[in-house]
Number of protein chains: 2
Amino acid sequence: MSGAERLSASEAVARLEAGTLSAEQLVHDCLDRIAARSAVKAWVWLDRELALAQARARDRDGRPGLLKGVPVGVKDVIDTYDMPTQHGSPIYAGNRPFADAACVALTRIAGGVVLGKTVTTEFANRHPRETVHPHNPAHTPGGSSSGSAAAVADFQVPVAFGTQTGGSTIRPAAFCGVIGYKPSFGEMSRVGIKMQCHNLDTLGIICRSLDDLTLLRAVLLRQPRQAIDRTANAPRIGFCRTPAWDQASAETQALLERTAARLAAAGATVAEVAPAPPDILDQHRRIFEFEAARNYAYEYEAHGEKLSAALRDGLLKPGRALPLAAYIAAIEAAEAFRARLDEVFDECDVLLAPSAVGEAPEGLASTGDARFNAIWTLAWTPCLTLPAGTGGKGLPLGIQLVGARLRDEALLDAAAWVEAHLG
Amino acid sequence: MSGAERLSASEAVARLEAGTLSAEQLVHDCLDRIAARSAVKAWVWLDRELALAQARARDRDGRPGLLKGVPVGVKDVIDTYDMPTQHGSPIYAGNRPFADAACVALTRIAGGVVLGKTVTTEFANRHPRETVHPHNPAHTPGGSSSGSAAAVADFQVPVAFGTQTGGSTIRPAAFCGVIGYKPSFGEMSRVGIKMQCHNLDTLGIICRSLDDLTLLRAVLLRQPRQAIDRTANAPRIGFCRTPAWDQASAETQALLERTAARLAAAGATVAEVAPAPPDILDQHRRIFEFEAARNYAYEYEAHGEKLSAALRDGLLKPGRALPLAAYIAAIEAAEAFRARLDEVFDECDVLLAPSAVGEAPEGLASTGDARFNAIWTLAWTPCLTLPAGTGGKGLPLGIQLVGARLRDEALLDAAAWVEAHLG
């Protein structure tokens, strides 16, 4: 290894462009790291030769596009035409999609290398698989984007795609101590991503540098790259404990209080805000159940015995029984919440909120609790988690920042200010 | 033929349940009609034996579910595990999906028979294919759900699925003289339907009886069937000419004026409403271009030479060049329009609007103009077209009714009142 596996995507792009690094060397270093750290079990499918062949082709082509040969990990609910896509389910064992998902095609167009497929829980839902926490194998890495978060945190790949329907990007990123970003709902294409809930599913990005988010946004939206504005004034911060605050661990509560105080001391305006009604998580749950029960109609009927009991009996059965009127009421409650948030963002630039209950739980049986994430998935707002120290067990903690819907660039600018003043 | 091919789905269900008709006979009659009328070219894939085998299985199983063996046509942008799904494009020639789309799986669960795949324009966009108008082969049947509309109008199948991103369900149904229905956006699963625009795409239903819509809603939403209320009071009707009124043919304008007067005379309250800003179709166009350009990233890059020039150069190229800010502005304008419509529906039960510019145009080069449909696709409101006589060339004309979002049952009740009083 030359150490290139430690570079962020943006750092790698700079060296690839300058010619001081080849795509082949970078991919080689990532593959070596993966081999050395196979105990993390972050990858469900990886073909060393296919990855290297892509990298050599990028080098031959003069390292084109915005990515210039940077490797990307792809969660295994996202279609790839040249690699299996198995959705973390035996139903799709060996499934070979006809086409790339749009996010994968856009990555290749921009000169990216699809390194391999990262482990997902069953259908990006709750039933866990084999990935362990890269800092402590006795703990979950979180989920459902388990492999993407673990691989990025473990320097196996600089950036990886996740998805989020409840907390599937932000939570594992926070647990693993890296950056997780869920864009505004609807902005990025979901073509070729296994659909769980059409009102909630969002592509996520996991990486180790905020600058990589501007890079990936440019790639995925086919827009010119817009650098983070690091000269911006201190943001107006809304400290949002959310209705789930009492379920946060004491150290998460203390972390958030301390962060709010520190950012205020650094010059930010900090005010408490409470836009969410107490039953907001029930609304998320109703939409999740109703939509998933219909979206998985084929799997439930044709292959029900291959579904986990957690998915089949815990989610799809109650969803099948849910009346349409309850679903519509939940949709309308969500819309009222979004309208209320629009007002909150007239007064704030960004919200500060917990990323998770606490550190990654012990054991692999559960990927953790999504209550501090589902609220923002339902809100359709962009959000991201930043690493913010460690907890009592030495595992990472994160803080979550939430921006106004469809104002993702402003969220990234505010996040850079917060990152610079976290201490 | 025993004549069963003339039955609506609801009529067929009653006879299947009573035992006076078998699923095999019904499917047999439909297949004979298709064979006799092959010049309409409504089907891109049909396996007589596979259809009959499904029907016999339904008969053997006691004609289960809400559909009891009723055959359904499936637009060829909708996945079927046992039939090719080719999206009207040579790129997907011979493509065999792994799984059924959710709407197909739900149809099978409810005892339906998947009769075959109906012709779609290229990717449910504008580039036409071979289907002709069932009443006059020199005319287009409309599109993009060309085969579904033609097959239902021609008594080849009682009900068929379409999709709508601009006007792809309502327009061909109106041209062919049958009922077309686009449900509220987001209510019905889109899993396994080729995604064109995630903010616009909606599953559509084409049939010959309003009662069939309650049947299919129950099947696709997995809800108890809710019969149309035919005892309801006369509705409050908003007559909405839309900003495109001047482009409607004189006979369409006269039809709408005459209908408004007739319904008022029959007891409805009729008032003119004009909720749409003049540039509303530009907003639809921007969202369409931006999303399609990213959603078809794989097809554009890997198989661009197999795309029609209309799609590649007319839609995807301008979409790739569209700035994100213009897209976001269009999304926000659409949301303001939806909020304005919510207010309009405080005063109205249903809007009356044109279904299309006029009769189906001559020739197959164009499937017609979507300007009277795109506005309601963007609005996320449920809408349907009812047959309303014929035009100067003897081809059908329709009138469009639009309901409040997520109040589809109320739209169906109002539509039944209107149908009863059209004269």
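Is helix H4(B) mostly covered or mostly exposed, and how many of its residues are buried? H4(B) is mostly covered, with 8 of its 8 residues buried, where a residue counts as buried if 20 or more other C-beta atoms, placed from the backbone, lie within 10 Å of its own.

Before going further, note that this is a predicted model, in which local features need pLDDT of at least 70 and side-chain atom pairs count only at pLDDT 80 or more, while totals for chains, interfaces and linings use all residues. Residues are numbered from 1 along each chain as its sequence is written, and chains are lettered from A in the order in which they are written.

Select H4(B), residues 102–109, a helix in the sense of a DSSP run of H or I of at least four residues, numbered from the N terminus. Its buried residues include Cys103(B), Leu106(B), Arg108(B) and Ile109(B). Just after the helix, Gly111(B) takes a positive phi of about 90 degrees.

Now show both chains. Chain B can be laid on chain A with an RMSD of 0.0 Å by a turn of 180 degrees and a shift of 0.0 Å along the axis, the superposition being by least squares on the C-alpha atoms of residues with pLDDT of at least 70 in both. The two copies are thus related as by a two-fold rotation axis. To find that axis from chain B, select Pro97(B), whose C-alpha comes closest to it among the residues of chain B, at 4.1 Å.

Next, colour the interface, to which chain B and chain A give 29 residues each; contact here requires C-beta atoms, placed from the backbone, within 7 Å. On the side of chain B that touches chain A, H4(B) gives the most, with 4 residues. That side divides into 16 nonpolar, 7 polar and 6 charged residues, with Ala, Val, Leu, Ile, Met, Phe, Trp, Tyr, Cys and Pro counted as nonpolar, Asp, Glu, Lys and Arg as charged, and the others, Gly among them, as polar. Because 100% of the interface residues of chain B are also interface residues in chain A, the copies meet through the same surface.

Finally, turn to strands S7(B), residues 236–239, and S8(B), residues 269–272, which pair in the parallel sense over 4 bridges; strands are DSSP runs of E of at least two residues, and pairing needs at least two DSSP bridges. Gly238(B) stands opposite Ala271(B) in S8(B). S7(B) also pairs in the parallel sense with S9(B), residues 350–354, over 3 bridges, and there Ile237(B) stands opposite Val350(B).

Terms used
Contact = placed C-beta atoms within 7 Å. Buried ≥ 20, exposed ≤ 12 C-beta atoms within 10 Å, placed from the backbone.
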